[in-house]
Amino acid sequence: MSGILFFDGACGMCTRAVNFIMRHNRTGELRTEPLQGPGVAERLGVEPSHLLECNRWLDASGAVYSGAEAMNAAVSTAIGTRLPLMVYRIPGIRFVEEAIYRWVATHRYRFRGTTPYCESNPAAC
C-alpha cells in the first residue's frame, strides 16, 4: 500500500505529526504534501472550501480517505502493516478515533508544534 498523506502545512502540530510519521517510514512508500499546494483540491476531489477540515490520504488506487482513517492509512504504509487500519475498522473503534480526531483537528492551532511546513517551504504552498 503506497500513497500520499496531505496535511495542513500551516499547522505546527500537523507538521510535527507528519515529521514523526516520516521518521518511522520503514517502507519508503509514504509521501506527504501540504493541503495548501497547487491543485490539491482537484486531485482529491474535494471542494476548496472544505479542503483544510482534515488530513487526507490518496492511495495508489486513487481512493481518498480523510480524518482518522487517513492517519491510520499513513501509519500502516509507513510501518509496512495494515494493522493500524484494520484496528480502526473494528466496530466502535472508528467512532472513537474519529471523535478524537475531530476534536484535535478543530483545536490544532492551540497545540505546540514545530515550524509549520509552509513557513519552511513557501514554494510548496
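# A tour from strand 1 outward

Select strand 1, residues 3-7: 5 of its 5 residues are buried, so the strand is mostly covered. Keep in mind that this is a predicted model.

**Stop 1: the two faces of strand 1.** Show the side chains of strand 1. In a regular strand, side chains alternate between the two faces of the sheet. Here G3, L5 and F7 sit on one side. I4 and F6 sit on the other. Residues on both sides are buried, and both faces of the strand are covered.

**Stop 2: strand 2.** Add residues 30-34. This is strand 2, which runs parallel to strand 1 and is joined to it by 5 bridges. Pick I4, and look for R31 opposite in strand 2. Then pick F6; its bridge partner in strand 2 is E33.

How does the chain get from strand 1 to strand 2? The two are joined by 5 bridges and run parallel, and the chain crosses between them through helix 1, residues 12-23. This β-α-β crossover is right-handed.

**Stop 3: helix 1.** Keep helix 1 in view. It lies across strand 1 and strand 2. Against strand 1, helix 1 runs at about 155°.

**Stop 4: strand 3.** Return to strand 1 and select its other partner, strand 3, at residues 56-59. Strand 1 and strand 3 pair over 4 bridges, in the antiparallel sense. Choose G3 and find D59, its bridge partner in strand 3.

**Stop 5: the whole sheet.** Now show the 4 strands together. They form an open sheet in the order 2-1-3-4, with mixed pairing. Which strands stand at the edges? Strand 2 and strand 4 (64-66) do. Each has a single partner strand, so one side of each is left without a neighbour in the sheet. On average, neighbouring strands are turned by 25° against each other, direction ignored.

**Stop 6: helix 3.** Select residues 67-79. Helix 3 packs on the sheet and touches strand 1, strand 2, strand 3 and strand 4. Its direction makes about 115° with that of strand 4.

**Stop 7: N55.** Finish in the loop between helix 2 (40-44) and strand 3, where N55 lies. Is N55 buried or exposed? Its relative accessibility is 9%, and buried means under 20%, so N55 counts as buried.

Show what surrounds N55. Leaving aside neighbours within four places in sequence, its contacts include L5, F6, F7 and D8. Y65, S66 and G67 are also among them. A70, M71 and Y101 are in contact with N55 too.

Note on methods: Residues numbered from 1 in each chain as written. Predicted model: local features only at pLDDT ≥ 70, side-chain atom pairs only at ≥ 80, totals over all residues. Heavy atoms only, no water. Buried < 20%, exposed > 50% of the residue type's maximum accessible area, 1.4 Å probe, protein only. Contact = heavy atoms within 4.5 Å. Pairing = 2+ DSSP bridges. Right-handed = clockwise from strand over helix to strand, strands pointing away. Axes fitted to C-alpha atoms, helices over the stretch in contact; angles between N-to-C directions.
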